[in-house]
Amino acid sequence: MFEKIKEYICSYVDADPESITEDSRFIEDLSFNSYDFMSMLGEIENDLGVTVEEEAVMELHTVGEAVAYLEKLTK
């Protein structure tokens, strides 16, 4: 799931895939704005066939947190 999320990230922001870690923060480290972040989550929802809870999104600050959350949704 981590590698898949890195692909999504790189399609929304100009980030070197090798520099993305589970500790990378979406806004501070990867330069996401809220629109890009929500657009990416919408695409992930469609592709994985899951529904992301709005309250949970507010708690996703790092790539690792997003990976863990999405892994729970897809099991």
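This passage walks through the helices, the loops, an aromatic cluster and a pocket of a predicted model.

Helix H1 is a good place to start. Its buried residues are Phe 2, Ile 5, Lys 6, Tyr 8 and Ile 9. They span an arc of only 160° around the axis, so they sit on the same side of H1. Flip to the other side of H1 and there are Glu 7 and Ser 11, which are exposed. The general rule behind this kind of pattern is that an α-helix has 3.6 residues a turn, so residues three or four places apart point the same way. What do the buried residues of H1 pack against? Their partners are H2 and H4.

Helix H4, which covers residues 63–73, has its own set of buried residues: Val 63, Gly 64, Ala 66, Val 67, Tyr 69 and Leu 70. These pack against H1, H2 and helix H3 (54–57). Val 63 is worth a separate look. This residue of helix H4 has a relative accessible area of 0%, so it counts as buried. Leaving out residues up to four places away in sequence, Val 63 touches Phe 2, Ile 5, Ile 9, Ile 20, Thr 21, Glu 22, Ser 24, Phe 26 and Leu 30. Phe 2, Ile 5 and Ile 9 are also among the buried residues of H1. As for Thr 21, it is 42 residues from Val 63 along the chain, yet the two C-alpha atoms are separated by 7.0 Å.

Next come the loops. Thr 62 belongs to the loop between H3 and H4, and with a relative accessible area of 16% it is buried, because the cut-off for that label is under 20%. With residues up to four places away in sequence set aside, Thr 62 touches Glu 22, Asp 23, Ser 24, Arg 25 and Phe 26. The loop between H1 and H2 holds Asp 16, which is partly exposed at a relative accessible area of 45%. Asp 16 and Met 40 are 24 residues apart in sequence, and their C-alpha atoms are 17 Å apart in space. Ser 31 also lies in the loop between helix H1 (2–12) and helix H2 (34–48). Is Ser 31 buried or exposed? Its relative accessibility is 59%, so it counts as exposed. Ser 31 has another quirk: its phi is positive, at about 60°, although it is not a glycine.

Now for the aromatic rings. How many aromatic pairs does the structure hold? There are 3. In one of them, the rings of Phe 26 and Phe 32 have centres 5.5 Å apart and planes at 85°, so this pair is edge-to-face. Both Phe 26 and Phe 32 are buried. Add Phe 37, and Phe 26, Phe 32 and Phe 37 make up one aromatic cluster.

Those phenylalanines turn up again around the largest pocket, whose lining includes Phe 26, Phe 32 and Phe 37. Rolling a probe the size of a water molecule over the atoms shows where empty space is left. In the largest pocket, that space comes to about 190 Å³. Other residues lining the pocket include Ile 27, Glu 28, Asn 33, Met 38, Val 57 and His 61. By type, the lining splits into 8 nonpolar residues, 3 polar and 1 charged. H2 supplies the largest share of the lining, with 3 residues.

Methods: Residues are numbered from 1 along each chain as its sequence is written. This is a predicted model: local features need pLDDT of at least 70, side-chain atom pairs count only at pLDDT 80 or more; totals for chains, interfaces and linings use all residues. Side-chain values use heavy atoms; hydrogens and water are left out. Rings of Phe, Tyr and Trp (its six-membered ring) pair if their centres lie within 6.5 Å; planes under 30 degrees apart count as stacked, over 60 as edge-to-face and the rest as tilted. Buried means under 20% relative accessible area, exposed over 50%, partly exposed in between (1.4 Å probe, protein chains only). Helices (H or I, at least four residues) and strands (E, at least two) are DSSP runs, numbered from the N terminus. On a 1 Å grid over the protein atoms alone, a cavity is a set of points where a 1.4 Å probe fits but cannot get out, and a pocket is an open set with protein on both sides within 12 Å along at least five of seven lines; lining residues have an atom within 4 Å of a point. Grid points are joined across faces, edges and corners, and a volume is the space filled by probe spheres set on the points. Ala, Val, Leu, Ile, Met, Phe, Trp, Tyr, Cys and Pro count as nonpolar, Asp, Glu, Lys and Arg as charged, and the others, Gly among them, as polar. Contact means heavy atoms within 4.5 Å. The arc is that of the directions from the helix axis to the C-beta atoms.
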